[in-house]
Protein chains: 2
Amino acid sequence: MAVSPKADAHKTKRSSRIKIQDVARMAQVSLSTVSGVLNEKDNIRPETRQRVLDVIEQLGYTPNIFASNLARRRTKLIGIIVSDLLNPFFAEIAKALDTQARALGYETFLASTSFHPEQQYAAVRQMLALRVAGIAMMTSENDPEAFSLLKSSGTPTVYLDNPHAGPHIGTVRVDKRHGMFIAVQHLLELGHRRILLIKNSQQSLSEPPEPPMLSHMERQIGFEEALLQYNPKEMDVHIIDEAGEPAAAGLRAVQRALERYRFTAVVAINDLVALGAFRGLQAAGLSIPEDVSVVGFDNTYLCDFLHPPLTTVATPRGDLARSVLSMLNAYIDGAEQPSEPMLSASIVLRESTAKPPAD
Amino acid sequence: MAVSPKADAHKTKRSSRIKIQDVARMAQVSLSTVSGVLNEKDNIRPETRQRVLDVIEQLGYTPNIFASNLARRRTKLIGIIVSDLLNPFFAEIAKALDTQARALGYETFLASTSFHPEQQYAAVRQMLALRVAGIAMMTSENDPEAFSLLKSSGTPTVYLDNPHAGPHIGTVRVDKRHGMFIAVQHLLELGHRRILLIKNSQQSLSEPPEPPMLSHMERQIGFEEALLQYNPKEMDVHIIDEAGEPAAAGLRAVQRALERYRFTAVVAINDLVALGAFRGLQAAGLSIPEDVSVVGFDNTYLCDFLHPPLTTVATPRGDLARSVLSMLNAYIDGAEQPSEPMLSASIVLRESTAKPPAD
């Protein structure tokens, strides 16, 4: 794996840069002794073994198992990596993958990155060390070094909405752009012209800042495409990108917007943001949808339990899990590059949208 | 590990019953050949190695690693097992444990049981095979065979609210009984005498049915203790135990109760059940708290975003994670049995409770 300048900067944190040679040098033993300890040969003296183990722990060395030529047991283990356990979108994906993977005879392990690219990298490194059969990378953020590691490992991997390619790496995409397009079109058809888009792109969490997340960019493009069908002079559109926990961000964004703008409809970048927007609107004494319509995104279980139930864009979790596992299975079976599915999104009309109030 | 009659019944599913002898017999090789393959000795012919690997995969054999005398690398990996990713109570515990474990230099892996004891067993087996340094068993359900496995493995383990003991196994408890006591007392002091308790003990999910979950039993005891302070003739109390997804169960329980009973207050066994109860009450045209007061349990992030915000019982997630990790660390360091903490619960007053309406 090429060491990029960025990788150098992360050297202290990213212990996979440590080589077996470093362990041997620091423990003052030969390479074959380190190898013997790693492979649990019993011809190594206890003190030597302990010294090597201590150095391995100190350096955080992880054996470069995928470069090894030894025959390896294939595990029946799928690693699932998500961005945020508290967002039901990710929890529902993880649950659907877990249920379907079990039906296929796999067990699953889950790691959460909290949107930190370096945690994505750490999770990949751990999962490779555990010899998972495949990885479902269901994250919003994207660490290029994690991708490099996956690529050189040969481990079947499927990304979500982040185009990555390799002989054993693919992407399942959901047409979020079209999903957002139809959500905004629904509001426009109801007569809304004063629209607030609340984003929660979480960029503040990565250091240095990452480029905007693709899935968020696509939603914004869909939003703008829908608006372009109408005369811009008729439109009064505001976009607030609020960082932090999504529900709290939705609440703060609505509070700020109520002080500054007039709007009759809120488009929330996801259902949790919509939950916070609901609270902000209702706490200000506004009725949904009589005063303000709200549309969410993801169709999580929360939608049915909000008051009123939330109109939202559905990105089918079951189909998504099926597509991810079917691609992983194809890679595991050594199939040719399978086709990369694009799942369609649809709008689920509940009770949070209506005509705008008369001016 | 003794094989109980129950274990026998599970034989086909629980592959750890498969012994190295079974692998050797089926692959028609000696025990030392199987052992050599497992330990990646390079003096085994490729065809033989492959045959052994095939049998291992076919039988689902997992090496009995903890019975082995070989020196083992200690991993810096904590396994977290929860019951339900979709319940923010578990997601918040997992997140708090993950954050704090990282600060201590550990990484974490998460497995979810969906309340199935056999998935708890499978997760334990996998985590032992991965040589985790310790396990945080944050589940409501309890599989006795998983406990036996943990006990014989010597792996540091901390349970939540399920008393288990061993030289390296302990329990962190939250005083849920007192938490429920003060929640009900709060309603009684406001003047409520017609109270509906909604439980969601999920028992239908296990086959054969498990005994009631301790944490639910304790909440019910706290509920009853609070009522005992008052004259039972004045009280009109109903308890509905509704199975299924908690929010949907809360909704169905309220719908059933509205047809049959009169009540001015709902005590929900957890916040998700309260979310469903909110929806059921509001869909029936009732106002919270003017017509019906609602109290939740757990103080998850949802409480602040409901309309009105939910009064609930707080079980401090940060302290809980700290206690779990501190016990695990003590076990990992080989300390004497540390003391088992009992964390106190408290009520968080928001806006979902008020005096009952005049009759």
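# Questions on a predicted two-chain model

In this predicted model, buried residues make up 58% of the 359 residues in chain A.

Student: How many helices and how many strands does chain A have?

Tutor: The elements of chain A are of two kinds, helices and strands. The count for chain A is twelve helices and twelve strands.

Student: Among contacts in chain A between residues at least 6 apart in sequence, what share joins residues at least 24 apart?

Tutor: The question sets aside pairs that are less than 6 apart in sequence. Of the contacts in chain A that remain, the share joining residues at least 24 apart is 69%.

Student: How many residues of chain A are in contact with chain B, and how many of chain B with chain A?

Tutor: Each side of the interface has its own count. Chain B gives 59 residues to these contacts, and chain A gives 58.

Student: What area is buried between chain A and chain B?

Tutor: Carbon and sulfur atoms give 60% of the area buried between the two chains. The whole of that buried area is about 5100 Å².

Student: How many residue pairs are in polar contact between chain A and chain B, and which element gives the most to the side of chain A that touches chain B?

Tutor: Between the chains, eleven residue pairs are in polar contact, with both residues at pLDDT 80 or more. On the side of chain A that touches chain B, the elements giving two or more residues are α4, α5, β2, α6, α10 and α11 of chain A. With seven residues, the one that gives the most is α5(A).

Student: How do the residues on the side of chain A that touches chain B divide into nonpolar, polar and charged?

Tutor: Three classes are used for the residues on this side of chain A. They divide into 20 charged, eight polar and 30 nonpolar.

Student: How many salt bridges does the rule find across the interface of chain A and chain B?

Tutor: Over all chains, the structure holds 32 salt bridges. A:Lys95 and B:Asp84 form a salt bridge, their closest N and O atoms being 3.3 Å apart. A:Asp84, A:Glu245 and B:Lys95 are linked in a network of salt bridges. Across the interface of chain A and chain B, the number found is six.

Student: Which residue meets A:Arg102 in a salt bridge, and is that residue buried or exposed?

Tutor: Helix α5 of chain A holds both partners, four residues apart, about one turn of the helix. A:Arg102 is partly exposed, because its relative accessible area is 21%, whereas its partner counts as buried at 8%. The side chains meet at 3.2 Å, N to O, and the partner is A:Asp98.

Student: Which residue forms a salt bridge with B:Arg102?

Tutor: In chain B, the two residues lie in helix α5, four residues apart. B:Arg102 counts as partly exposed at 22% relative accessibility, and B:Asp98 counts as buried at 7%. The closest N and O atoms are 3.2 Å apart, and the partner of B:Arg102 is B:Asp98.

Student: How many residues apart in sequence are the parts tied together by A:Arg194 and A:Asp236?

Tutor: A:Arg194 and A:Asp236 form a salt bridge with their closest N and O atoms 3.0 Å apart. A:Arg194 lies in strand β6 and A:Asp236 in strand β7 of chain A, so the pair ties together parts whose separation in sequence is 42 residues.

Student: Where in chain A is A:Asp161, and with which side chain does its side chain make a polar contact?

Tutor: The place of A:Asp161 is the loop between β4 and β5 of chain A. A:Asp161 is buried, because its relative accessible area is 4%. Not counting residues up to four places away in sequence, A:Asp161 touches several residues, including A:Thr171, A:Leu214 and A:Ser215. The polar contact, at 3.3 Å, is with the side chain of A:Lys176.

Student: How many disulfides does a search of the whole structure find?

Tutor: A disulfide requires two cysteine sulfur atoms within 2.5 Å. For A:Cys303, the nearest cysteine sulfur is that of B:Cys303, 19 Å away, and A:Cys303 is in no disulfide. A:Cys303 is buried, with a relative accessible area of 0%. Over all chains, the number of disulfides found is zero.

Technical notes:
Residues are numbered from 1 along each chain as its sequence is written. Chains are lettered from A and ligands numbered from 1 in the order in which they are written. This is a predicted model: local features need pLDDT of at least 70, side-chain atom pairs count only at pLDDT 80 or more; totals for chains, interfaces and linings use all residues. Side-chain values use heavy atoms; hydrogens and water are left out. Buried means under 20% relative accessible area, exposed over 50%, partly exposed in between (1.4 Å probe, protein chains only). Contact means heavy atoms within 4.5 Å. Buried area is the accessible area (1.4 Å probe) that two parts lose on being put together, summed over both. A salt bridge is a side-chain nitrogen of Lys or Arg within 4 Å of a carboxyl oxygen of Asp or Glu. A polar contact is a pair of N or O atoms within 3.5 Å; within protein, one must be able to donate a hydrogen and the other to accept it, and residues adjacent in sequence count only if both atoms are side-chain atoms. Ala, Val, Leu, Ile, Met, Phe, Trp, Tyr, Cys and Pro count as nonpolar, Asp, Glu, Lys and Arg as charged, and the others, Gly among them, as polar.
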